[in-house]
Amino acid sequence: MPELAEVEHVCRLLRREAAGHVITDVSVVEDSIVYGGVSPRTVSGRLKGRMLVDLHRRGKYFWMELDRRPWPLFHFGMTGWVDIYRAASERPRFLKLELVFDHGLHAGFRDARRLGRIKLLDDPAHEPPVNRLGFDPWHNPPALAEVYALLRRRKAPIKAVLLDQKVFAGIGNWLADEILFQARIDPRRRADMLSETDARAIHRVMKRVVRKAVEVDADDSRFPPGWLFHVRWGRKNAQTRDGHTIRYIEVGGRTTAWVPALQK
DNA sequence: CTCAGTGTTCAGTG
DNA sequence: TCACTGAACACTGA
């Protein structure tokens, strides 16, 4: 479930559990797609013996700050995740990279669908792909005027603009739908046709939704009861808590759950 | 067996 | 070059 809040959660977990510790063992599962051609030997060579100083995230990318460069940068794609465990016997399926720390903690990056990425970069924050990202609504929420100006420049449906990582980094399919639901805006509307009031709603709701999702460590059972998230996955005959029908359409190339009775 | 999917990138078009 | 659209990528699980 890797959008901004889920990735932030993983960062916090790794920081809490492993920062200050040294990587004593590295297991790399060869995968030309996920590693983009970087050899297992190179990956282990760069990571083994390094101390994990801190973790950083922007949008859906996160990276490990080590005591020597390069640093590993991760993207979860659709199905990537990091598991924490204590013994190699607990290795998850689809493991791509396992780091073992000096206190015995194992961190395993897994990815079933292979759309995730692991790179080694000298300065992840200041080179692509990270430096091409737009506002991170958690670290640097844009001002209202900024949001309004941004939207006026785009003719694509608002849903597609919310998903554009060059604009709002970290918003994914469910966050975009949640924001538009709570802001009461039809996902198909052209961004440049939205009013300042609409922009204000998007601005406010985006901050509120992202803050809450991060605050509860992206644990969906702790999302507020009125959120679309809880009812959007059923697909057929899905309804909101108040009995409004949820419709599914394709916008911006993605399945979009919305409530026509409420979103105008 | 078929198909959708919490994402990104690239080719093609205007 | 830019904005936008749709398909490709790869594979699991329903």
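This short talk walks through the two domains of chain A and then one helix, α6.

Please keep in mind that this is a predicted model, in which local features need pLDDT of at least 70 and side-chain atom pairs count only at pLDDT 80 or more, while totals for chains, interfaces and linings use all residues. Residues are numbered from 1 along each chain as its sequence is written, and chains are lettered from A in the order in which they are written.

Chain A is divided into domain 1, residues 4-132, and domain 2, residues 144-258, with bounds that come from an automatic or database domain assignment. Their C-alpha centres lie 29 Å apart, and 9 residues of domain 1 are in contact with 12 residues of domain 2, contact meaning that C-beta atoms, placed from the backbone, lie within 7 Å. On the domain 1 side, helix α1, residues 4-18, gives the most, with 5 residues; helices here are DSSP runs of H or I, at least four residues, numbered from the N terminus.

Let me turn to helix α6, residues 196-215, where the 20 residues, at 1.5 Å a residue, should span 28 Å (1.5 Å times one less than the number of residues), and the end C-alpha atoms are indeed 28 Å apart. Its buried residues include I202, M206 and V210, buried meaning 20 or more other C-beta atoms within 10 Å of a residue's own, and exposed 12 or fewer. Seen down the axis, the buried residues fall within an arc of 150°, so they line one face of α6, the arc being that of the directions from the helix axis to the C-beta atoms. They pack against α1, α3 and α5, whereas the face turned away carries the exposed residues T197 and E215.

Conventions
Contact = placed C-beta atoms within 7 Å.
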